[in-house]
Amino acid sequence: MEQLMKGVYECMVCCDRIKQHHAIWSCVNCYNCFHLGCIKKWAKSSSGDSGWRCPACQAATPKVPNAYLCFCGKLREPEWNRRDTPHSCGEVCGRGRKIDWCNHKCNILCHPGPCPPCTAYVKKTCPCGAKSQDVRCSITEPFVCEGVCGKVLNCGGHTCEKLCHSGPCGDCQQEVMQKCYCGKESREVLCTEETCGISLFACEKKCSRKLDCGIHICIETCHEGECKPCARAISAITRCPCGKVPLEKLYERDGAIQRKSCSDPIPTCSQPCQRTLKCGVPGSYHECQALCHEGPCPPCPLETPVKCRCGAMDQNVLCSELTAKADEVTCKKPCKKMRQCSRHKCSTKCCIDVDHLCTLVCRRTLSCGLHKCQELCHRGNCPRCWQTSFEELTCHCGAAVLYPPVPCGTKPPPCERPCSRPQSCTHKATHNCHPDDTCPPCTILVDKPCFGNHKTMRSTPCYLKAVSCGAICGFPLPCGLHKCIRVCHEAPCVPSGTLCTQKCMKPRENCGHPCSNPCHSGPCPDNSCKEMVKITCTCGHRKTMLQCSENDREYRALATSLLASQMQNMNNGSTVDLTDIFTSTTRPDKLKRLHCNDECIQIERNRRLALALQIENPETRDKLGNASVLFSDFMKDEARKDPNLAKMVHDALTDLVLKAKESKQKSRSHSFAPMNREKRQFVHEYCEHFGCQSQSYDDEPKKNIVATAVKGMCFIPPISVLTLVQREQGQKKVPVPVWSRKATAEDSRQGMKKLEKSSSIEKETESATAKAPPIDYFDFED
């Protein structure tokens, strides 16, 4: 009441304070107060088959509250004033007590919580009725006297001998001796309303007393009184067994032997028995076809049409094989339909069920992960677990607390304090308190060696034992011949029980190539070499790939034929040198077994002609190509910035090349004036396009360049960088270079004349033959 008056009472759903003017709802079981809106949302989100549960006491309530009432429930939407308790009507409570015998109403003003105990006095009588006394109505302890109870017990024949007490007296504990009617058994039983004063009982055994005939015995169970007369007595049987003919007619007409005692047989007539049997369909049961007889009827020889209830069996069955009536026969075919839960099959034999309800218990784990669903097997998700704990739920260190009631499966509250568990390393915990049994790995960066101890890896997370450095492992393998070629890894290099899978690298005796067989011990196996070798012609133009073993086989065949021819010369008396044949495995021309063709001859002719015409320097052939890619962007930019420099350098290098070709000396040089770094780089790159060598001398700021042109190794480019820049800017047309156009017959004639007249050019051609690669962009006309 004090918290409600001050407006500090806290709603357990929203954890906000309940003000004096807020609409509330009060639980009738635990008397906790909640906001009306909060309790509506709670009830709608947690409603089940038995209703919704109170957040505090978990008491089930069938209806969702929808009205704001005072505590006693008489006034709807009470207004708050400063005189009375908030949310009360200000009138007398008038609610009834929870004690069964109290009829007095609560006489204090409307209030929260339970009503106080009743203060009225009432007259109470002791349970035995001997004394009475005035006591408070709220006292729950019974008033008893000190006398004997004396109440009649449940048997109705004895009285209670206990002192005056509350509650029932209990059952009579005295025992009664009883004997069965047939006199075979006796027993002692407790005295009850049924056994009080009764000394006889019926046992479950047969009576076995002799009947009045003195021959047969009673076949009924133990019974009271005399046994029934003999069923086969002369006076009891007056007709034949089938009941159609009286015995007197059989005695007179057929001369049957008249019965004199109950043990004599009963005379039979010659008519069919026609007693109704159990076989046949309902409404048309079969009749016994045998003649009139005593005792049970023989098996029926007919057939009965049988149809089970599910319709799977519809056939005629011998009546002697029937064990039940025709309409009660069931087949053994199991039902294969799914039950309503969609998880289990029906499996009932001869099933006629339509709904196929599942009678098994669900037993699936609930969302809490601790309890099983106890409802019948059903579709969809299981309901949430209704188990609730009334103990406080804390984090591991106990700093964060979740107060009851705590629904089952609730995780511990989050805690912002550092983890207090002992760590596996020497570092302090960098993570917060957590409910998991194991802590997350330590991520502090430290220095650790790699797997193979090649080097120390910096900035490695602490939880990693080691990391790979990326280098080759290089650890010797157990075979003793190889080293591990894997990237730095965790031991072992080779799993236990496995062999080395690397290839043997021992050189072969015949060819020198590696063995390439899987790692082995002992001498290498003598198998064919699979190494691919390049076979060329003498000039090197024609090329092909061939296995080493096939090449060796073919070359040996050629050597054998050559040896045969040499032996033929020996027979003719000539001297023969067999050194080259027996040392054929090491000869350098072993891989030059292809024959040169016409194309090889044409290429060699074009190369020699190009050298004679000074169209191309063989050693700088790769630098020639399309004019647009001759010069770099740096050279083009410098030519745009300083055209005079570009023209000066081009003219100086052109004059140097011409002088070198006409000079009798081996080389000529030219020294440029000192210049800055960018201009010197321009000169260096331009010298490469002339096939000249360039070298810088002296120190800054007098650093200069000396260009050297070697005779026969330099040439004049087809276009200057300044001309190329001007052509790109549309200022000047550039002529087609001589070396890129199609050579004419006149060019061939002029070239051949130079070859015939100049012996020096011939010598230079022969010396450059081994260096220059063949060219393939000349197409000479006849």
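These notes cover strands, a loop histidine, aromatic pairs and a helix in a predicted model.

1. Mixed sheet. Strands S10, S9 and S11 make up an open sheet, ordered S10-S9-S11, with mixed pairing. Its edges are S10 (186–190) and S11 (200–201), each of which pairs on one side only. S9 (residues 175–180) and S11 run parallel and are joined by two bridges. Within this pairing, Lys-179 has Leu-200 of S11 as its bridge partner.

2. Charge over a ring. The charged end of Arg-187 is placed over the ring of Phe-201, at 4.0 Å from the ring centre. By numbering, Arg-187 falls in edge strand S10 (186–190) and Phe-201 in edge strand S11 (200–201).

3. Hairpin of S14 and S15. S14 (residues 303–307) pairs with S15 (residues 314–318) in the antiparallel sense, over five bridges. Thr-304 is found opposite Val-317 of S15. Six residues lie between the two strands of the hairpin, and Gly-311 adopts a positive phi near 85°.

4. Faces of S14. In a regular strand, side chains alternate between the two faces of the sheet. S14 shows this alternation: Thr-304 and Val-306 point to one face and are buried. Glu-303, Pro-305 and Lys-307 point to the other face and are not buried.

5. His-520. Which loop holds His-520? His-520 is in the loop between strand S21 (456–461) and strand S22 (532–536). The relative accessible area of His-520 is 18%, and because the cut-off for buried is under 20%, His-520 counts as buried. Leaving aside residues up to four places away in sequence, His-520 touches Leu-481, Cys-504, Cys-515 and Pro-525.

6. Aromatic pairs. Five aromatic pairs turn up in a search of the whole structure. One of them is Phe-631 with Tyr-686: the ring centres are 5.9 Å apart and the planes are at 80°, so this pair is edge-to-face. The pair links distant parts of the chain, with the two positions 55 residues apart in numbering. Phe-631 belongs to the loop between helix H6 (598–613) and helix H7 (633–641), while Tyr-686 belongs to helix H9 (residues 677–689). Phe-631 has 4% relative accessibility and counts as buried; Tyr-686 is also buried, with a relative accessible area of 0%.

7. A pair inside H9. Why is the pair of Phe-682 and Tyr-686 edge-to-face? The planes of the two rings stand at 75°, with the centres 5.5 Å apart, and edge-to-face applies because the angle is over 60 degrees. Both residues lie in helix H9, four residues apart, which is about one turn of the helix. An α-helix has 3.6 residues a turn, so residues three or four places apart point the same way. Phe-682 and Tyr-686 are both buried. Together with Phe-631 and Phe-690, these two residues form one aromatic cluster.

8. Helix H8. How many residues does H8 have? H8 (residues 643–662) has 20 residues, and the distance from its first C-alpha to its last is 29 Å, close to the 28 Å expected at 1.5 Å a residue. Its buried residues include Leu-645, Val-649, His-650, Leu-653, Leu-656, Val-657 and Ala-660. Ala-646, Ala-652 and Thr-654 are also buried. The buried residues of H8 pack against H7, H9 and helix H10 (721–728), and also against strands S24 (667–671) and S26 (704–710).

How values were computed: Residues are numbered from 1 along each chain as its sequence is written. This is a predicted model: local features need pLDDT of at least 70, side-chain atom pairs count only at pLDDT 80 or more; totals for chains, interfaces and linings use all residues. Side-chain values use heavy atoms; hydrogens and water are left out. Two strands pair if DSSP finds at least two bridges between them. Buried means under 20% relative accessible area, exposed over 50%, partly exposed in between (1.4 Å probe, protein chains only). Contact means heavy atoms within 4.5 Å. Rings of Phe, Tyr and Trp (its six-membered ring) pair if their centres lie within 6.5 Å; planes under 30 degrees apart count as stacked, over 60 as edge-to-face and the rest as tilted. A charge sits over a ring if NZ of Lys or CZ of Arg is within 6 Å of the ring centre and within 35 degrees of the ring normal. The expected span of a helix is 1.5 Å times one less than its number of residues.
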